[in-house]
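Reader: Hi! Could you walk me through this one with me?

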Amino acid sequence: AASAVIMIENADNLGDYKVFQVTWNGDASNDADSTLNGSVAVTEIGALDFGTSLTGLTDVNLVGSANYDALIDNGILA
């Protein structure tokens, strides 16, 4: 099985995104003709609103970044 997350921005409200999870059979040995044979599922998992600008966003705001991990290691975020 395979999965991905897709974010689609609202053209009428910049920074507002719908978030979807897409899952499918990623096993090529089960799919000789390289098609998905209807085994794709798309599920809306939520919405995010970043505002109209991400100005000022730094990697400390991104989970998994070195700066974010340093905050966790130092007990600043829980």
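Reader: Which residue forms a salt bridge with K18?
Author: E44 does, and the closest N and O atoms of the two are 3.3 Å apart. A salt bridge here means a side-chain nitrogen of Lys or Arg within 4 Å of a carboxyl oxygen of Asp or Glu. E44 belongs to strand β3 and K18 to strand β2, so the pair links distant parts of the chain, 26 residues apart.

Reader: What should I know about the model and its numbering?
Author: The model is predicted, so local features need pLDDT of at least 70 and side-chain atom pairs pLDDT 80 or more, while totals for chains, interfaces and linings use all residues. Residues count from 1 along each chain as its sequence is written, and side-chain values use heavy atoms, without hydrogens and water.

Reader: Thanks! How many salt bridges does a search of the whole structure find?
Author: One.

Reader: Is E44 buried or exposed?
Author: In between: E44 is partly exposed at 45% relative accessibility, and K18 is partly exposed too, at 41%. Buried would be under 20% relative accessible area and exposed over 50%, using a 1.4 Å probe and protein chains only.

Reader: New topic: in what order do the strands form the sheet?
Author: β1-β2-β3, an open sheet with antiparallel pairing. Strands are DSSP runs of E, at least two residues, numbered from the N terminus, and two of them pair if DSSP finds at least two bridges between them.

Reader: Why is one side of β1 and of β3 left without a neighbour?
Author: Because β1 (2-9) and β3 (41-49) stand at the edges, each with a single partner strand.

Reader: And over how many bridges do β1 and β2 pair?
Author: Eight, with β2 covering residues 16-24. M7, for instance, has V19 in β2 as its bridge partner.

Note on methods. Helix = DSSP H or I, 4+ residues; strand = E, 2+ residues; numbered from the N terminus.
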